[in-house]
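Let's work through a few exercises together. Take a look at the chain first, then try each task before reading its solution.

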Amino acid sequence: MKLRDRVIVITGAGGGIGAAFARCASNDGAALVLVGRRRENLERVAQALPSDRVMVCVADVADYSSLVRSREEILAKKGHVDILVNNAAVGYGGRLTDLSAEEIEYSTKVNLVGPMWLTHMFLPLLRERSEAMLVNVVSLSGYLAMPFQSVYAAGKFGLRGFSESMSRELKGSNVHVLTAYPAAIDTEMNTPEMRARCLELGTRVSAIPASTAATQLVRAIERNRSMVVLGSASDRLAPMIARFAPRIVDKLAEKMSPAMSEFARLSTDWARHQRRSLPPRAGSVAKEL
Ligand SMILES: NC(=O)c1ccc[n+]([C@@H]2O[C@H](COP(=O)([O-])OP(=O)(O)OC[C@H]3O[C@@H](n4cnc5c(N)ncnc54)[C@H](OP(=O)(O)O)[C@@H]3O)[C@@H](O)[C@H]2O)c1
């Protein structure tokens, strides 16, 4: 599917893969609707794009009413949507009991329920187009359940199931479904500092730049692919290893366990910090943390 003149709604567009994708798709002539919790980040991304082809929507994908508002704003301004990219996620990790019950709920809402809500509300609009696409950004954690990632992996395994099921359900219709599996990508969810700590603990994690992941994602959309791993050539083997060599995964998990524990701690600290610093309207629950 060519991106020129398509209207693309992308969640989590204020940074990382989402922002890089917005830049890449905009270069190919698409109109972007940038969705996220932090207006200033969305506006920073929007400023670098042609002003007549970008729109900013402040919404929390865990908050159904803010998504309904966004849908109305998007329809009023754009009239239609060609591609929905469910990309936003939060990286709560660690031992299950290190997380609060509320954090388990919030993580699952952002990483799984939000994409289902958004698909539920945008699918009728996608069905009106002659050609449309639903893109779900999962993770290799949707194939490989590493230790200290239980809540994140649960969300991503769930999103993978949702996406693959939707793909089969919509086969032959005008809506094509693409499931994307990022490996390690250099973003705020996976920073050089986090990777340096992993290395100290015996695990080397090689991350590719967000711009490379975005280019791979755009190429997969243009080629109407159903599945893409965003990462290096060796990352592309991960789904097969998970399926056919679970013993290798067990061994890998054991070796990586100390690094995974530290990675999860840093990632959760970041997710908590981000949530506490939200303006009240975008995250009313954050006040209770
Ligand atoms: N980086 C990696 O190594 C990696 C690996 C595997 C999978 N992934 C997946 O790739 C996707 C993008 O991740 P990333 O690495 O680009 O992470 P990132 O840099 O942390 O970006 C995530 C974006 O999501 C937004 N967001 C978070 N919670 C939200 C919510 N409740 N509602 C709306 N927006 C929300 C954040 O902006 P606000 O805070 O302003 O809302 C942020 O812009 C995610 O699905 C992630 O799970 C990443």
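**Exercise 1.** Find out why the radius of gyration of the protein chain agrees with that of a compact globule.

*Solution.* Keep in mind that this is a predicted model. Start with the length: the protein chain has 289 residues, and a compact globule with that many would have a radius of gyration near 19 Å. Next, take the value for the chain, 18 Å, which agrees with the globule. For the extent in each direction, the C-alpha trace spans about 50 × 45 × 35 Å along its principal axes. Finally, 46% of the residues count as buried.

**Exercise 2.** Work out which strands pair with strand 5, and in what direction they run.

*Solution.* The protein chain has nine helices and nine strands, so let's focus on one of the strands. On one side of the task is strand 4 (residues 83–86), joined to strand 5 by four bridges and running parallel. Here I83 stands opposite M133. Then turn to strand 6 (residues 175–182), which six bridges join to strand 5, again in parallel. In this pair, V137 has A180 as its bridge partner.

**Exercise 3.** Describe how helices link these strands.

*Solution.* Follow the chain. Strand 4, helix 4 (residues 101–127) and strand 5 form a right-handed β-α-β unit. Strand 5, helix 5 (residues 150–169) and strand 6 form a right-handed β-α-β unit too.

**Exercise 4.** Are the residues of strand 5 buried or exposed?

*Solution.* A residue is buried if 20 or more other C-beta atoms lie within 10 Å of its own. In strand 5 (residues 132–137), six of six residues are buried. A132, L134 and N136 point one way, while M133, V135 and V137 point the other way.

Notes. Residues numbered from 1 in each chain as written. Predicted model: local features only at pLDDT ≥ 70, side-chain atom pairs only at ≥ 80, totals over all residues. Buried ≥ 20, exposed ≤ 12 C-beta atoms within 10 Å, placed from the backbone. Helix = DSSP H or I, 4+ residues; strand = E, 2+ residues; numbered from the N terminus. Pairing = 2+ DSSP bridges. Right-handed = clockwise from strand over helix to strand, strands pointing away. Rg over C-alpha atoms; globule rule 2.2 N^0.38 Å.
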